[in-house]
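Please look over the sequence and the model below before reading on. The notes that accompany them are arranged by topic.

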Amino acid sequence: MTALPQTMTAIGFDAPGGPEVLKPQQRPLPQPGPGEVLVAVAFAGINRPDVLQRMGGYAPPPGASDIPGLEFAGTVVGLGEGVSRFRLGDQLCGLVAGGGYAQYVTVHESNALPIPAGLSLEEAGAIPETYFTVWSNVFQRGGLKSGESFMVHGGTSGIGTTAIQLAKAFGATVLATAGSDEKCRACRELGADHAINYRTEDFVVAAKAATGKRGVDLILDMVGGDYISRNYAAAADQGHIVQIAFLNGSKAEADFSRLMLKRLTHTGSTLRPRTISEKAAIARELEEKVWPLLAQGRCKPVIHARFPLAQAAEAHALMESNAHIGKIVLTV
C-alpha cells in the first residue's frame, strides 16, 4: 500500500453558525488505537446531528473527534494493536462519534461492518447511522413484531426511509407521515401501507382510520413539540412511542392521563454518546438480521444527492431545506 500522509483534508468550523461556516481544513492524520482501524474514507453520510453540532447544539462526546460526521464507508489502511477482524485493504462501513467528514477516520473494529453483498461503497456510506438508530429504537427498545402497526414521522428522511423498509421487511403494517403528496408517494414506493400528508391531514385521525380505530402499536418520533400529545392520541392501548429527536422542541403540554389509561410506554434514546460495546451489540444484530436483507435487495439506502467533501456546506443547506428524500452523502 502507498505511504500514508502526515495530514489530511477534513471539514471543520471555527464558530457555530449556518452551513457556510463549514470549511475544508488540514488536520493531522488520526492514529488507530487498540482495537481500532484507520480507514481511507470514500463516502460519508450527512445526518441531522451533524447539523445540530454545526449550529452549536450537539457537542461531540468526551474523547470524540470535533470533526463532524457519524458514518462512512472506505478501505482499511492501518491497524491498531489487537485488531483481529479486519485486514489492510478490507472495505467496510462504520459508525463513529465524530470524524466522518474527512479523508481518513479511525473506528473501533466492533463498530464497523463489512459492506453488504451487492451494495456499492456509496450505498454503504449511507447505512450506519440510520440503520443503527432504527434497529436500536424500533426493534430493540420498541420491540416491533410482525403483525403490529408502526408509524414513523418524517417518512422521507434518512431515518424514515430506513424505518419504512425495515418495519415492512419484518412484517409490520407501516404508516408514514410526510409533508407533500410527492413525499407520500415516495413513502408508499418504499413499502408504506399508508402515507399521511401532515399538511393536509390530521395524522391522528388518519392513523385511527388506517388501524380500524385501534391506534398504532409503535410510533417513532423525531418531531416532539405538539406531536407528543398527538402521538398519545394516535397510539393503541399498550402502544409504544419512541423518541429520537425534537425538531419542534423538547418541551410540550400533553394529557398524561392517556399514558395511564392506555398503558402506554414513552421511551427514547440517543446513539452518539453510547459506549463502543453498546454500539457493538447493535452492530452484531444488524449483521445477523439486517445485512442479509440488504444483500437480498429487500431494503437499501435511498440516496437523494451527493456532494464533494469540499461542498459540505451545500450538503447541509440541502438537508436544512427538507427538500430531500432519503440520504445525502459526501464523496471523499
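This briefing covers a parallel sheet, the helices packed on it, the aromatic contacts and two unusual backbone angles. The model is predicted, and the statements below should be read as describing that prediction. The sheet is open and consists of 6 strands in the order β10-β9-β8-β11-β12-β13, with parallel pairing.

**The sheet and its edges**

- At the edges of the sheet stand β10 (194-197) and β13 (265-268), each of which has a single partner strand, so that one side of each is left without a neighbour in the sheet.
- Averaged over the sheet, and with direction ignored, neighbouring strands are turned by 15° against each other.

**Strand β8 and its two partners**

- In strand β8 (residues 149-152) both faces are covered, since Ser149 and Met151 on one side are buried, as are Phe150 and Val152 on the other.
- This arrangement can be read against a general pattern: in a regular strand, side chains alternate between the two faces of the sheet.
- Strand β9 (residues 173-178) pairs with β8 in the parallel sense over 4 bridges, and within this pairing serine 149 stands opposite threonine 173, while methionine 151 stands opposite leucine 175.
- Strand β11 (residues 216-221) also runs parallel to β8 and is joined to it by 3 bridges, with valine 152 standing opposite leucine 220 of β11.

**Helices against the sheet**

- Helix α4 (residues 158-169) forms a right-handed β-α-β unit together with β8 and β9.
- The sheet is contacted by α4 through β8, β9 and β11, and the direction of α4 makes about 170° with that of β8.
- Helix α5 (residues 181-190) packs on the sheet as well, touching β9 and β10, and its direction makes about 165° with that of β10.

**Aromatic contacts**

- The structure holds 5 aromatic pairs, one of which joins tryptophan 135 and phenylalanine 139, whose ring centres lie 4.6 Å apart with the planes at 20°, so this pair is stacked.
- The assignment as stacked follows because planes under 30 degrees apart are counted in that way.
- Both members of the pair belong to helix α3 (residues 128-141), where they are 4 residues apart, about one turn of the helix.
- Tryptophan 135 counts as buried because its relative accessibility is 4%, and phenylalanine 139, at 13% relative accessibility, likewise counts as buried.
- Phe170 joins Trp135 and Phe139 in one aromatic cluster.
- A charged side chain also meets an aromatic ring, in that arginine 272 lies over the face of tyrosine 58, at 5.1 Å from the ring centre.

**Positive phi outside glycine**

- Lysine 213 is not a glycine, yet it has a positive phi of about 70°.
- The position of lysine 213 is in the loop between α6 (203-210) and β11, and with a relative accessible area of 72% this residue is exposed.
- Glutamine 238, which is not a glycine either, has a positive phi of about 60°.
- In contrast to a loop position, glutamine 238 lies in strand β12 (residues 235-243), and its relative accessible area of 52% makes it exposed.

Definitions and conventions. Residues are numbered from 1 along each chain as its sequence is written. This is a predicted model: local features need pLDDT of at least 70, side-chain atom pairs count only at pLDDT 80 or more; totals for chains, interfaces and linings use all residues. Side-chain values use heavy atoms; hydrogens and water are left out. Rings of Phe, Tyr and Trp (its six-membered ring) pair if their centres lie within 6.5 Å; planes under 30 degrees apart count as stacked, over 60 as edge-to-face and the rest as tilted. Buried means under 20% relative accessible area, exposed over 50%, partly exposed in between (1.4 Å probe, protein chains only). A charge sits over a ring if NZ of Lys or CZ of Arg is within 6 Å of the ring centre and within 35 degrees of the ring normal. Two strands pair if DSSP finds at least two bridges between them. A crossover is right-handed if, with the strands pointing away from the viewer, the path from the first strand over the helix to the second runs clockwise. Axes are lines fitted to C-alpha atoms, for helices over the stretch in contact, and angles run from 0 to 180 degrees between N-to-C directions. Contact means heavy atoms within 4.5 Å.
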